[in-house]
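Reader: I am new to this structure and would like a close look at a single part of it, followed by its setting in the chain. Please explain the terms as they come up.

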Amino acid sequence: MDGGFPGRKRRFFHNLLRSRLGQLILCLLVILIVSPLVFHYYISNIGSETSNGYRSRSTKDHDEGFDLDKVQCNDLKNQITELRRIKASVNNELRDLESRRLAQQTEISKQKTTLEALRIQQENIEKEIKQSKMNLEQLKVEEDEFSNGAQPLIKAPILELLPNLKVRSQKNVFTSLSEDCTMNTCFDYSRCSLLSGFPVYVYEIENNFKNNNLEEFIKTSVFHAFDGSSSIYLTTSPDRACVFVAILGETFSKENSETVQSRINALQHWNGDGTNHVLVNLAKSTFSFDIFYGVNTGRAIIVQSSFVETFFRGKFDIVVSPVLGSSDGELWSELPPLNPIRRSFLLSFEGQFSDISNLNSDEVKHTNEGDQNFRSRNLNAALGSLDKGDNSKDIVKKLFSLEASIVQHLKNVEEEAKEKVLLNFMCNSDQEKVGINGEWSICGDQSHRTEMLKQATFSILIAPANYSVVTTTVFQTRLFESLKSGAVPVILGEYVELPFSELIDWSRTVIMLPKQRVTELYFVLRTFSNVDIMEFKRNGRMFWETFLGTTKSVVSMTLAVLRTRLNIPAKAVREEPSENSVSNFIPVAQHIAPEPEEDTDEVLGPIEPPFPSTMFKQNYTVWTMKDVFNQPGDPFHLLPFSPFEKILPSDSKFYGAGVGFRPINKGEGGSGKEFSEALGGNHPREQFTMVMLTYERSDVLIKAITRLKGLPYLNKVIVVWNNPSMPSENLGWPEIGVPVVVIKMAKNSLNNRFLPFEAIETEAVLSIDDDSHLRHDEIVFGFRVWREERDRIVGFPGRYHAWDPRHGGWHYNSNYTCEMSMVITGAAFFHKYYSYLYSYTMAATIREKVDEYMNCEDIAMNFLVSHITRKPPVKVTSRWTFRCPGCPQQLALDESHFTERHKCMNFFVEIYGYMPLMYTQYRVDSILFKTRISHDKQKCFKYI
């Protein structure tokens, strides 16, 4: 087989050469081999020089005289010139091609931009269509509500014309005190229409009580009280008056009953029986003077600090606190801090019982019945009310025996208690003792008693032994001093009447026990937790500051009791003027490109015309009238809104009470699409007002306002113009679809951002700095959260109050922490209710400190709201800081900024008496945030 292989090989080549394919391959091989050789030969001879001279490819010989160098140089120059021409031509063509390419690219870019603009325009149009459909649906709902008469129309009642006052005939004159008087039987309601405004006529106030025998402090302090906040009720027209007030005490000197009676009868509008008259006897001293004993007061209401049961007519007469404080002003500097909760002594008492065991029956019944200090007359009621079989000596012994038992059991507590107890049942010989017979006298002066009370957690108040005595000035003095000192009053004897008890819920701050439970007193006191004790002390401080601490508060509270009895609302609180400082307001179209993170196709809610929140909804709701007296705030003015209003059950809106409500998908619920079409929640639809603070950076302000265009639920933008100069006439204001009100402030103050401007017609207020940049979805989400937490501050950047364990005190902390207690009001929602309290009720010293540092207004607002609610603020979204490209240097970057905030916090704690801020460990995001849902559903918000 190996020998046959060469033969087959030869036949293969022979056949290949005879075929056309083989011939073609052979020709190609020859060309490929020969052509390079020939090409190489010619190329190597072009331009070559040898020692024999120039080698020419021409067949002719050159003449000997021919200049080869000249020929060679000219040819080369021509060739170079030609090559340069070719190169230039090629370069020109290339440049032409490049310019055409750039033009094409520019055109393509323009087309892409145009397409992108058209795409955005399409998205905006689609969004506007969705928005318009949503707005149309809202309008249809409003039309249905209006056509069905769902909106209540409240008309004022007709005011009755008052007849001229005429003196009644003598047969109508009361010959003695009407012991059965009630508001129904002894008060003329026809003079006090619900819409009358509660006009009060005060005798002799026009001449500053100059013709009166009043003690000088009573005279001046009462005059200033009526000249201040109470002046809103004053009238100089007796024909319009609802009530007539006569200030009859405390006087310089004691007056007998005949003198007092003559003074009462001389009242110009007394008309025989004193209907609708209020006789006031204010006590400046601790002595229990009853100037009305033996006096015919007819149908007049008696107001004083000391009453015997036969004189006091429940729900008619009024028990008031003695005016032992200042005339008016802030009181926080007089009060000790509320901490520590448990003080050095568990409880304290100091006093001496006025021994009556040596009095006989004649002395008890008849001795000096005209004594203005109740020395013996105060036992008459007890003698008449006990068992008729007992003689007066037995009654006195029983009364004294009960007091002796109380003393013995308290001494047992002192011996057996684990805690320290401070008890003293005898006054020192050098101390003054003040008290009526059968009562525990007070010892020493007020400063001595206050120092003792400041060391005690609880203070004992023992009611007079004669249980027919409703109250005495001494007892009221003990209550006054206990509350002022921060000691929780423990009253033994539940039959006493406390001041203003018709309105004040004393169970919030006072522990009342029958005297018989003195044996269980120690057990009861030990059951109270630290939380209970702090709440007692906090409420006691609030009651004392608001109702008892000054003459002005006592007078205001007395009028409040009378007004509330008549179901007449208080006068409306003052609103701050909101005149627009831009008279030539000409909107200018502004075009600011959307931020990269903003998605323009997200519909966040309907764009509705501005409408106000409903104001004064509960003017005549009796329980709301009384609630305001038992929580921090302003009980003496009527506020148009309240964050504490009750809400309807979820099903009520589907049974005829759905006016204003916008349930999600008409109550069926849904995800993003249905969610964005309605506010839902537990409250009727509403809007918010944006209050923007600015100072000397108009360009930042205009950009901030421009970004608000198309923001749902926005009612109005109020610009608080803190600049010293007026806004420039050349400043162009953007058209954003809602009113923009620019208010020029007289003073550059950070407190201005919280003023209750009359232009704010919504309950919700978004306080924001001009350099705080929030997306629309963040604002809308914050608003939705606030609607469910309307009594709290709801905002974005959170802060923290940190305790300094080395030096004590508090530090302001802006670091990232897992707890927070404040929300910066440079971007936060709050209720307008707090604007009134911040501007008019909160201690003015706090606002002065804000002005001094030009700092801390946000801390002050957080303190206030936490003090009112005992709740922390609510933080929404993950935002911790704000970016402001192009803004000037920020105040917060200054090192002194934080030092001042540390000082503010500790100063505010002094004023409140404790740290009101509270911690929270969570923030709020939308329900479907980071939740995986099916592709056919939308989330509540795309990025939140």
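Author: The buried residues of helix H5 are covered by, among others, strand S3 (200-202), strand S4 (243-249) and helix H14 (551-565). Contact here means heavy atoms within 4.5 Å. Helices (H or I, at least four residues) and strands (E, at least two) are DSSP runs, numbered from the N terminus. The model is predicted: local features need pLDDT of at least 70 and side-chain atom pairs pLDDT 80 or more, while totals for chains, interfaces and linings use all residues. Residues are numbered from 1 along each chain as its sequence is written, and side-chain values use heavy atoms, with hydrogens and water left out.

Which residues of H5 lie under that cover? They are Ile218, Lys219, Ser221, Val222, Ala225 and Phe226. Buried stands for under 20% relative accessible area, exposed for over 50%, and partly exposed for values in between (1.4 Å probe, protein chains only). An α-helix has 3.6 residues a turn, so residues three or four places apart point the same way.

H5 itself covers residues 216-227, twelve in number. From its first C-alpha to its last it reaches 16 Å, close to the 16 Å expected at 1.5 Å a residue; the expected span is 1.5 Å times one less than the number of residues. At the N-terminal end Glu215 acts as a cap, with a side-chain oxygen 2.8 Å from the backbone nitrogen of Phe217. The term behind this is the polar contact, a pair of N or O atoms within 3.5 Å; within protein, one must be able to donate a hydrogen and the other to accept it, and residues adjacent in sequence count only if both atoms are side-chain atoms.

Two of the covering elements, S3 and S4, belong to an open sheet of five strands in the order S3-S4-S5-S6-S8, with parallel pairing. Its edge strands, S3 and strand S8 (318-319), each pair on one side only. Two strands pair if DSSP finds at least two bridges between them. Strand S5 (residues 277-281) and strand S6 (residues 301-304) run parallel and are joined by four bridges. Val280 has Val303 in S6 as its bridge partner.

Now the rest of the chain. It has 22 helices and 27 strands, and 49% of its 944 residues are buried. Of the contacts with a separation of 6 or more, 79% join residues 24 or more positions apart.

Another open sheet has three strands, in the order S10-S13-S12, and its pairing is antiparallel. Strand S10 (352-353) and strand S12 (433-434) are its edges, each pairing on one side only. Between S10 and strand S13 (residues 440-443) there are two bridges in the antiparallel sense, and Gln352 faces Ser441 in S13.

Further along the chain, S18 and S19 pair in the parallel sense over seven bridges, with Met690 opposite Val717 in S19. Strand S19 (residues 714-721) is mostly covered, eight of its eight residues being buried.

Ahead of S18 comes a loop, between helix H16 (672-676) and strand S18 (688-694), that holds His683. His683 counts as buried because its relative accessible area is 13%. Leaving aside neighbours within four places in sequence, His683 is in contact with Ile647, Phe661, Arg787 and Arg790.

Arg790 also forms a salt bridge with Glu686, the closest N and O atoms being 2.9 Å apart. That pair links distant parts of the chain: Glu686 sits in the loop between H16 and S18, and Arg790 in the loop between helix H18 (776-788) and strand S22 (794-795), 104 residues apart. Both Glu686 and Arg790 are buried. A salt bridge is a side-chain nitrogen of Lys or Arg within 4 Å of a carboxyl oxygen of Asp or Glu; a search of the whole structure finds 37 of them.

Another salt bridge joins Glu789 to Arg792, with the closest N and O atoms 3.1 Å apart. Glu789 is partly exposed because its relative accessible area is 23%, whereas Arg792, at 8% relative accessibility, counts as buried. Salt bridges that share partners join Lys617, Glu645, Glu686, Glu763, Arg787 and Arg790 into one network.
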